[in-house]
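Open your viewer, set the chain to cartoon, and keep the selection box handy. We will go stop by stop, with something to select at each one.

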Amino acid sequence: MSQRIEFAETGGAEVLQMVEAAPKAPGPGEVRVCNKAVGLNFIDIYFRTGLYPAPSMPSGLGTEGAGVVEAVGEGVTHLKEGDRVAYAQGPLGAYAEQHTLPADKVVILPDDVDFETAAASMLKGLTVQYLLRQTYPLKGGETILFHAAAGGVGSIACQWARALGVKLIGTVSTAEKAALAEKSGAWATINYSTEDVVERVRELTDGAMCDLVYDSIGKDTWETSLDCLKSRGLMVSFGNASGPVEGVNIGILNQKGALFVTRPSLNGYADTRERLEMMCEDFFAMLNSGQVSIDIAQRYPLSEAGKAQEALQSRQTTGSTILLP
Ligand SMILES: NC(=O)c1ccc[n+]([C@@H]2O[C@H](COP(=O)([O-])OP(=O)(O)OC[C@H]3O[C@@H](n4cnc5c(N)ncnc54)[C@H](OP(=O)(O)O)[C@@H]3O)[C@@H](O)[C@H]2O)c1
């Protein structure tokens, strides 16, 4: 038998239950991974609360993990038993000792990337890869605003932006988080719980404002984010930590300077095996070069997944959080 976290109804962290189940045999095109570490992500909270509907109930949770392949289904050629692997997509259910998923979502880990680092960074690192290298291929010299700069995605974005020669202005809610973001490479920080973000951006950029804004906060920051852009700037809305952006009047984009907006996702970018491999290659190269390192600031036993989610949701975490089966 194998332990996994499930939820039978949406709600608070208390709906998460540890259950025992027989490990699922991999079907054609699938592998079963014995997880050594599991990643915690804000998207897991969206599924638990019902903002994003789970495909079926009761449901597993989580899409990020790293471990060892222990069973291989028919037709899988690129993986074998004993391979060290990681994944960031696929069916919900990574919060588990063992997870069975499509093999085309699973990649071999380079020898120099340990399981905890991989579980803490596959989803977040590939997200930063597409945000900074594909949604708009930053060349260096741009000024960008990146919300939640001390979080899991944010702390990787600060380092990657610095490596690209991009001036990243990071928003954070505390002085401690500001110090962390600056240590990661943020060019400047703004405490959005005490400072006027638009005015501070104006000061920091000598009135030029930002080429791009990366907004994972959603409802609370949407309008402010648009006001931080220069004319024809790009708003990248990629998350809803404060709730989803709804009821947008598209005319506002014209009023605020002929702006562009996109609402991307990891699954929308890593949508083929070829693209996933290209993104992993780029991300692993950043890890290997030392230009990006992963701050695992919180570790919880898998059985305390609910407690870990409460900490993430109440803004108590910094960097990445992992669950240990
Ligand atoms: N679209 C995609 O492909 C994709 C992929 C990965 C992640 N994301 C999004 O990226 C964001 C970051 O994900 P993460 O897992 O790395 O989380 P995280 O950044 O480690 O944690 C979320 C942070 O958001 C900030 N925040 C602001 N308002 C908040 C509120 N009302 N409630 C909770 N937090 C709030 C907090 O930082 P402060 O205290 O500094 O404000 C908090 O620490 C999430 O919105 C997630 O959905 C999107």
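From which domains does the shell around the ligand draw at least three residues each? The shell draws on domain 1 (2-122 + 270-323) and on domain 2 (136-263), with at least three residues from each. Please keep in mind throughout that this is a predicted model.

**Stop 1: the ligand shell**

Select the ligand and the residues that surround it, 30 in number. The closest are G151, G152, S173, S216 and G239, so label those five before moving on. Colour the shell by class and you should find 13 nonpolar, 13 polar and four charged residues. Next, show the helices α1 (42-49), α2 (115-135), α3 (152-164) and α10 (305-313); each of them supplies at least two residues of the shell.

**Stop 2: the annotated region**

Now select residues 11-323. An unreviewed UniProt entry annotates this range as "domain: Enoyl reductase (ER)". Over the range, the chain is 32% helix and 25% strand. Put a distance label on the C-alpha atoms at its two ends and it should read 20 Å.

**Stop 3: strand β9 and its partners**

Select strand β9, residues 143-146, and turn on side chains. T143 and L145 point one way, while I144 and F146 point the other way. All four are buried. In a regular strand the side chains alternate between the two faces of the sheet.

Add strand β10 (residues 167-172), which pairs with β9 in the parallel sense over four bridges. L145 has I169 as its bridge partner in β10. Bring α3 back into view: β9, α3 and β10 together make a right-handed β-α-β unit.

Then add strand β12 (residues 210-215). Its pairing with β9 is also parallel, here over three bridges. In β12, the residue opposite L145 is V213.

**Stop 4: the three-stranded sheet**

Move to the open sheet of three strands, ordered β2-β1-β4 and paired antiparallel. Its edge strands are β2 and β4 (59-60), each pairing on one side only. Five bridges join β1 to the antiparallel β2. To see one facing pair, select E6 and Q17, the latter in β2.

While you are here, click on L16, in the loop between β1 (2-7) and β2 (17-21). Is L16 buried or exposed? L16 counts as buried because 21 other C-beta atoms lie within 10 Å, and the cut-off for buried is 20 or more. Draw a line from L16 to L324: they are 308 residues apart along the chain, and their C-alpha atoms are separated by 16 Å.

**Stop 5: backbone details**

Most residues other than glycine have a negative phi, and most peptide bonds are trans. The last three selections depart from those habits.

- Select M57 and P58. The peptide bond from M57 to P58 is cis, with omega near -10°, and P58 lies in the loop between α1 and β4.
- Select M209, in the loop between α5 (197-204) and β12. Phi of M209 is near 65°, a positive value. M209 is buried, with 20 other C-beta atoms within 10 Å.
- Select R315, in the loop between α10 and β16 (320-324). R315 is not a glycine, yet has a positive phi of about 65°. R315 is partly exposed, with 16 other C-beta atoms within 10 Å.

Definitions and conventions: Residues numbered from 1 in each chain as written. Predicted model: local features only at pLDDT ≥ 70, side-chain atom pairs only at ≥ 80, totals over all residues. UniProt positions renumbered as here; feature names shortened; annotations may be inferred. Near = placed C-beta within 6 Å. Nonpolar A, V, L, I, M, F, W, Y, C, P; charged D, E, K, R; others polar. Domains from an automatic or database assignment. Buried ≥ 20, exposed ≤ 12 C-beta atoms within 10 Å, placed from the backbone. Pairing = 2+ DSSP bridges. Right-handed = clockwise from strand over helix to strand, strands pointing away.
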